[in-house]
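Subject: Structure handover

Hello,

Here is the structure for you to look at. My notes come after it.

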Amino acid sequence: MIAPENDKPTILIVEDETGPRNALKMILRPFYDLHAVENAQAALQLLKEQPVDLVTLDLKLPDRPGVELLRELKLEHEGLEVIIITGYGSLKSAMDGLRYGAAGYLLKPFNVTELITLIKQTLAKKQRLDRLRHCLRRQPDLREADTDLAVAWEQLRHQYSRAGAAQPGDSRFGQYAPVVGFLSDVLEVSNRELFSHSQRVSFYSTQLGNHLPLSEIERMSLTLGAWLHDIGMIGIGGQIPGKTGPLEEGLAEGNHRHTDLGTRILLPFALPAEVSQIIAYHHELFDGSGYPEGLQGDGIPLFARIVSIGQRFDEMTASPPPQASVSRDEAMKQLQAQAGTRFDPELVELFAQVVREGTASFAPFAPVPGPATTP
Ligand SMILES: [Fe+2]
């Protein structure tokens with residue numbers, strides 16, 4: 001629901017300590033309608049009774065871990081944005097919070113200018129995503145495999161632009177930046193977990209690509225293709241292969257269609273050919289046992305072989321609860337055990353170098369390629 005333009009947005013402060021709670025109230029009162037509660041239960045109760053646009057959330061609450069409350073808020077309240085405001089001791093949890101859909105975080109004692117800037121940016125993003133949700137509801141054809149997907153998606157983009165919702169996109173993507181901005185928003189409103197998975201796989205693939213002699217345009221195509229690799233999942237309900245159980249379950253018949261749907265969805269946007277290759281072939285396996293065509297070895301496009309490794313690494317290290325994730329070292333061991341069968345052995349060794357160098361550790365904190373989410 002989009003609030004009328006001249007209404008003040010409503011913010012709910014969830015904070016058990018009196019000092020920070022009063023400070024937030026004092027700072028925000030001139031600009032926003034405010035509610036303030038001291039614990040998770042009161043927050044959930046208030047959200048049942050009152051429309052709220054944005055929550056500022058302290059992660060250390062008396063009755064429940066803040067990250068757990070964040071997950072519930074994001075699952076139960078479509079369009080509700082959350083900003084984490086917490087102490088330095090909870091920095092890791094704050095980072096985890098980004099994965100579960102927090103728009104950003106601030107550490108106490110917070111800087112007032114940063115607080116106001118982050119809230120303004122987040123509310124602007126919320127308005128943009130609300131408009132996109134409205135457009136998506138009016139376009140049921142987007143999820144119908146039998147319809148002309150390219151036409152339906154082109155229409156969606158047109159409506160999104162006409163509603164004044166467009167974001168400029170990331171300038172790293174040059175002429176493709178507006179399309180990237182649009183697709184970033186579509187991924188975010190369609191499936192938060194898919195959005196985060198896409199960001200991380202793009203990050204890992206880019207890191208691996210940095211060890212190869214690629215041109216700037218090729219690097220951009222790899223980053224972009226890796227980020228869009230599962231966009232076809234939107235067309236079949238948004239489940240991520242490998243995220244719903246063991247890898248083999250992820251390869252279930254229904255999910256096989258997402259590579260074809262993904263390439264069809266992107267047809268109207270005239271992205272580089274390498275992007276389409278990644279989307280079409282990222283489930284091919286080195287020994288020919290993958291899909292959709294059973295390509296083998298070097299017959300699989302290079303960038304698809306890279307993304308295949310990046311996505312498997314992420315499936316193993318960032319499975320959402322209740323599935324257990326494994327450590328990065330253990331995931332790397334499993335990739336190496338499948339080098340030459342599932343994965344390109346030379347690329348696996350290069351990726352092992354990426355993991356050893358530690359650059360992969362920064363993945364959750366390096367959003368690619370959507371708008372910045374942290375101050
Ligand atoms: Fe996939």
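The notes below go through the cores, a set of strands, a helix and one residue.

Please keep in mind that this is a predicted model.

Cores

The largest nonpolar core has 56 residues. The members that touch the most others in it are Leu-224, Leu-228, Ile-231, Ile-278, Ile-309, Leu-335 and Phe-351. Helix α13, residues 302-317, supplies 7 residues, the most of any contributor to this core. Phe-351 has contacts with Leu-208, Ile-309 and Leu-335, once its neighbours within four places in sequence are set aside. Another core, of 32 residues, lies apart from the largest one; Ile-13, Leu-54, Leu-70 and Leu-98 are among its members. As general background, nonpolar side chains in soluble globular proteins tend to be buried together.

Strands

Strand β4 covers residues 81-86, and 6 of its 6 residues are buried. Glu-81, Ile-83 and Ile-85 point one way from β4, while Val-82, Ile-84 and Thr-86 point the other way. In a regular strand, side chains alternate between the two faces of the sheet.

β4 is paired with two strands that can be described in turn. Strand β3, residues 54-57, runs parallel to β4 and is joined to it by 4 bridges, with Leu-57 opposite Ile-84. Between β3 and β4 the chain passes through helix α3, residues 66-76, and this β-α-β crossover is right-handed. Strand β5, residues 104-107, also pairs with β4 in the parallel sense, over 4 bridges. There, Thr-86 of β4 stands opposite Leu-107 of β5.

Helix α5

Helix α5 runs over residues 112-137 and has 26 residues. From first C-alpha to last it spans 37 Å, close to the 38 Å expected at 1.5 Å a residue. Its buried residues are Leu-118, Ile-119, Thr-122, Arg-128, Leu-129, Leu-132, Cys-135 and Leu-136. The buried residues of α5 pack against β3, β4 and β5, and also against helices α6 (149-162) and α7 (177-190).

Met-316

Met-316 is part of helix α13, the helix that gives the most to the largest core. Why does Met-316 count as buried? Met-316 has 21 C-beta neighbours inside 10 Å, and the cut-off for buried is 20 or more. Leaving out residues up to four places away in sequence, Met-316 touches Ser-325, Val-326, Ala-331 and Gln-334. Of these, Gln-334 is 18 residues from Met-316 in sequence, and the two are 9.1 Å apart, C-alpha to C-alpha.

Regards

Terms used
Residues are numbered from 1 along each chain as its sequence is written. This is a predicted model: local features need pLDDT of at least 70, side-chain atom pairs count only at pLDDT 80 or more; totals for chains, interfaces and linings use all residues. A nonpolar core is a set of buried Ala, Val, Leu, Ile, Met, Phe, Trp, Tyr and Cys residues joined through C-beta atoms within 7 Å. A residue is buried if 20 or more other C-beta atoms lie within 10 Å of its own, exposed if 12 or fewer, and partly exposed in between; C-beta atoms are placed from the backbone. Two residues are in contact if their C-beta atoms, placed from the backbone, lie within 7 Å. Two strands pair if DSSP finds at least two bridges between them. A crossover is right-handed if, with the strands pointing away from the viewer, the path from the first strand over the helix to the second runs clockwise. The expected span of a helix is 1.5 Å times one less than its number of residues.
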